[in-house]
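Hi,

Here is the structure I promised to pass on. Have a look at it first, and my notes on the salt bridges follow below.

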Amino acid sequence: MTPETIFYAVAFPVLGIFLGLTYKGIDRRISARMTSRIGPPIRQPFWDVGKLLLKETVVPENAVKWIFNAMPILAFASSMTLLLYIPFGVLRAPLEGYGDLIVILYLLTLQSLAMAVGGFASGSPFSSVGAQREMVLMMSYEMPLATVIVGFALLYKSFSLTTIASTPVWTIVSPLAGIGVLLLFVALLAVTPAELAKLPFDIAEAETEIAEGMLAEYSGRNLALFYLSDAVRSFAMAAIEVVLFIPFTFSYVFGVSLSGATLYIVEGLWFLFKVLIIYIAAVTVVRTSFGRFRIEQASRIFWVHVNLIALLGLALVWVGV
Amino acid sequence: MPKTAYYIPIGPIHPALKEPIRVEAEVEGEKIVKVDVKRGFAHRGIEYMGMKRNAIQTLYLSERICGICSISHPYAFVITAEKALGIEAPPRAQYIRPIIAELERIHSHLLWLGVIAHEMGFDSLLFWIWKGREKVLDLLELLTGNRINYSVFMIGGVRRDLKESHIKALKDMITYYWEFTEKMKEIILSDPVYKARTRGVAQLSKELALKLNVVGPTARAAGLRMDIRQDMPYDAYADIDVRAVVPQDIVGEARGDAYDITMVRIYEIEQSLDIIEYCVDNLPEGKILAIPNYVALLAKIRRTKGEAIGAHEAPRGEVVHYLKFDGRDGPSVWKVIAPSYNNINSWAPLLLGAEVADIPIVVAYIDPCMCCNDRVALLKTPEGKVLGYEYIHRKAVEKTKRIEREVRK
């Protein structure tokens, strides 16, 4: 581990929290405008976190105390670690070479798992129902998610995200495999709201049914950690999709050659712009234009429809390669 | 042995409920296996208060029975009072009253459509519908001076006349809502997610609906042709020939689920528009109060001995009032029956075997109004024995004395 890696390891989480909360603010603002409301200011999520950190942290009497308190930290830590695996445009990922797509898959799962375990540990019936739903939902969307990753492994003969980021996927595929990759993209976009527990798949937190479900008993610092990990995870998920499917750099698209600091600044902003587009398309627009599904309906959607799309994509990639 | 059944308390305070009531459900996984509904959290003793005031004050009080439909209870009240007094409102007032009542039906149904969208997590639909609802609220403010609690009815007429400018605004509103309901049919009734969440949910068969005595849109969605405006017409409704809106007339069959009830409510908005249009076009000239002098009215009430029952079709179903005048300037007996009282009966049978995700829809689909339906509160011992009035009163006196002693110390 070089000093550079350690610097990244400190700088990335700070940057990640900042970007995650900013994107959350933009998301809330756009969603409000879509429903003809004014919406909160973009800095509102920062205030929310600040306020939650000041509030008392209540632990229910019949909760398993240490698990209840440990799970928010676990979720937060895993989302922070997740950030370190993502190459920001031309910047390389700080933990490059220490893990790959499989690790990312597990880190994404770990957060949902932490929330579910925290829900079970909080001893409230609402949380228990929410945690059960989260487990069912996880079982449903893990298969398409894994299929997407296997598809990429087939294409690159590698699970390394750096390899994938350095060679845009669209330049190495045949037309047939290209359609396959497109289908994998669609499947991943469909999984995104479920992975991030956003509408129409926020079944585990359904406010009107089970009163925020797994988070029902969380408050104060613990809730702030979950809030932060949710914000960072949303950003990271959109960033992964950009790295996998829209890897085109600014200089590639506009045909300009940049160098030095300008290159890093322009490419960094370009990457953030692409992430914002994906974020709005996969999270904001979807959560504004759908109602909540029932758990068995959501399961069917993932097991049948999304799985079919993903497997078809995988088959096309396999034939095309 | 792991615990398989969970006990889920819904209420008295819960995000799915807008008013306090308690539903105790025992669930296994996602399925509800045992359910109990407990009411009585919003009892305010309004009937008792009304029996201590004069009739005009009681009329205002009756507006505060319900938080949403602030014209249904006054409407039933004035009809009942007029029957008991043997007076009749002038023709112009008889046409203005349905206009206000139908405007309220439109706003109440739009409110419900927004709420049910929110219950299934469809918040953008909620915002869109409630944005459309602003128009009718603005119009009610123009007509009566208030967005809610209009204070426009009076025993023997109405207190405010319709002007030319009001009629123009009403006609504008009618065109606006014809477009709006068309859009709603397109957006709500043909939306796949909405259909997936409501088809087959809260399904009430015709037999069960009859057995449970449900009223209003809940009964009509199950295919029962019942509507006070059709069965016992009053005021201008007698001239209009209102027909109950039932799903079998719209799509051929009535399934009685939450989807059908949505359909019934949207078509009832259109029916209300027709009624308003008829009333506006055929508005008779003349005075608006049978007895304009309130002192004379109260004197007449004091001289009257008699009783009557009157009913009005509120947005949620039938509202029935009973009044007895007995030598006082106000009612000596006043009894109110609100539609939610009957409709809440459907919760327990519908929730049994349903899923947790269906609870908010089952709870919301009858558009419950707790403050309307809570007529009495019972106090029980943990063993289930009902405590008598004398016992509670004695305890209350004892507590007051104890607090007095503590304060004096």
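Which residue's side chain does Asp227(B) meet in a salt bridge? The partner is Arg220(B), with 3.5 Å from N to O. Keep in mind that this is a predicted model.

Neither side of that pair sees much solvent: Asp227(B) counts as buried because its relative accessibility is 1%, under the 20% cut-off, and Arg220(B) is buried too, at 0%.

Arg220(B) also has a second partner, as it forms a salt bridge with Glu268(B), where the closest N and O atoms are 2.6 Å apart. That one ties together distant parts of the chain: Arg220(B) sits in helix 9 (residues 216-221) of chain B and Glu268(B) in helix 13 (residues 258-281) of chain B, 48 residues apart. Glu268(B) is buried, just like Arg220(B). Shared partners then extend this into one network of salt bridges, whose members also include Glu102(B), Arg105(B), Arg229(B) and Glu313(B).

Elsewhere in chain B, Glu24(B) pairs with Lys38(B) in a salt bridge, 3.3 Å between the closest N and O atoms. Here strand 2 (residues 22-28) of chain B provides Glu24(B) and strand 3 (residues 31-38) of chain B provides Lys38(B), 14 residues apart. Glu24(B) is buried at 14% relative accessibility, whereas Lys38(B) is partly exposed at 37%. Over all chains, the count comes to 32 salt bridges.

On confidence, chain A has a mean pLDDT of 81, with 94% of its residues at 70 or more. Among its elements, helix 2 (residues 44-54) of chain A has the highest mean, 90, and helix 11 (residues 250-254) of chain A the lowest, 69.

Cheers

Note on methods
Residues numbered from 1 in each chain as written. Chains lettered and ligands numbered in written order. Predicted model: local features only at pLDDT ≥ 70, side-chain atom pairs only at ≥ 80, totals over all residues. Heavy atoms only, no water. pLDDT = per-residue confidence, 0-100. Helix = DSSP H or I, 4+ residues; strand = E, 2+ residues; numbered from the N terminus. Salt bridge = Lys/Arg side-chain N within 4 Å of Asp/Glu carboxyl O. Buried < 20%, exposed > 50% of the residue type's maximum accessible area, 1.4 Å probe, protein only.
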